[in-house]
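Open the model in your viewer and switch to the cartoon display. The tour moves from the sheet to its strands, then to the helices.

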Amino acid sequence: MPVELGYWSLRGLGEPCRLLLRYTETEWTDAAIPLSEEGKDMWFKEKKHNLGLDFPNLPYMLDGDVKLTQTLAIMRYLGRRFGLSPSEADMAKGDLLEQYLMEVRIGLSMVCYSSADQFEGKKAEFIGKLAGRVEELGKFIGAGPYVLGEKITYVDFLALEFLDNLAAFSPDHFKEGPLVDYVNRMKDLPALKKFYESDDCTHKSYSINSPMAQWPGWPKKE
């Protein structure tokens, strides 16, 4: 049976897993849950506690007897499954970068899901620190071509999606430089380029965060 990945019909914390699976070009099931009352009922009343998950949550992944939740646990598993784990020499750097990327993404989420009266203040604080983050990440990745050098790993799909989120949130920080070059290289990989350019590309319709967020991150209309 193909891998099944379940998450809301938005990008959020599920999209790095989807991008990795698209890159492998293997058969998998995108069990996207609609952002509707029916979708919420399907998840909370029908699926959440009936899939055999130890810690029921979204995203979830089913692969035969392996049933996982938590984005990083899923990404690490898929990395092993598809030969996309860091080498022994790069494992510590991979661990470091995945945690740093998740920290930055959670920071963005805290801004986007803040209350209406706090949003502008939290946004200004986050953007005020973003130049330093961008500089640190650019120095870490350098010329790449991937985040850990010559070998593509599961960490690249975290980096690709989360940097893309940051670029949408604060375009002024992503006009040029090593991070822009890196994201463009990743998007130009044949399997991913096929996805991004397809009529079925969900990035053309999905928001980055929930539509209920202060900043949902809807795609720009062409």
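The stops below each give something to select and say what is there.

This is a predicted model, in which local features need pLDDT of at least 70 and side-chain atom pairs count only at pLDDT 80 or more, while totals for chains, interfaces and linings use all residues. Residues are numbered from 1 along each chain as its sequence is written, and side-chain values use heavy atoms, with hydrogens and water left out.

Select the strands (DSSP runs of E, at least two residues, numbered from the N terminus). An open sheet of 4 strands appears, ordered β2-β1-β3-β4, with mixed pairing (two strands pair if DSSP finds at least two bridges between them). β2 (28-33) and β4 are at the edges with a single partner strand each, so one side of each has no neighbour in the sheet. On average, neighbouring strands are turned by 15 degrees against each other, direction ignored (axes are lines fitted to C-alpha atoms, for helices over the stretch in contact; angles run from 0 to 180 degrees between N-to-C directions).

Next, select β1 (residues 3-8), which runs parallel to β2 and is joined to β2 by 6 bridges. Trp-8 is opposite Ile-33 in β2.

Now show the helices (DSSP runs of H or I, at least four residues). α2 (residues 37-47) packs on the sheet and touches β1, β2 and β3, where contact means heavy atoms within 4.5 Å. The direction of α2 makes about 125 degrees with that of β1. α3 (residues 71-81) also packs on the sheet, touching β1, β3 and β4.

Finally, select β3 (residues 60-63) and β4 (residues 66-69), antiparallel strands joined by 4 bridges. Which residue in β4 is the bridge partner of Leu-62? Lys-67 is. Between the strands of this hairpin are 2 residues, and Gly-64 has a positive phi near 65 degrees.
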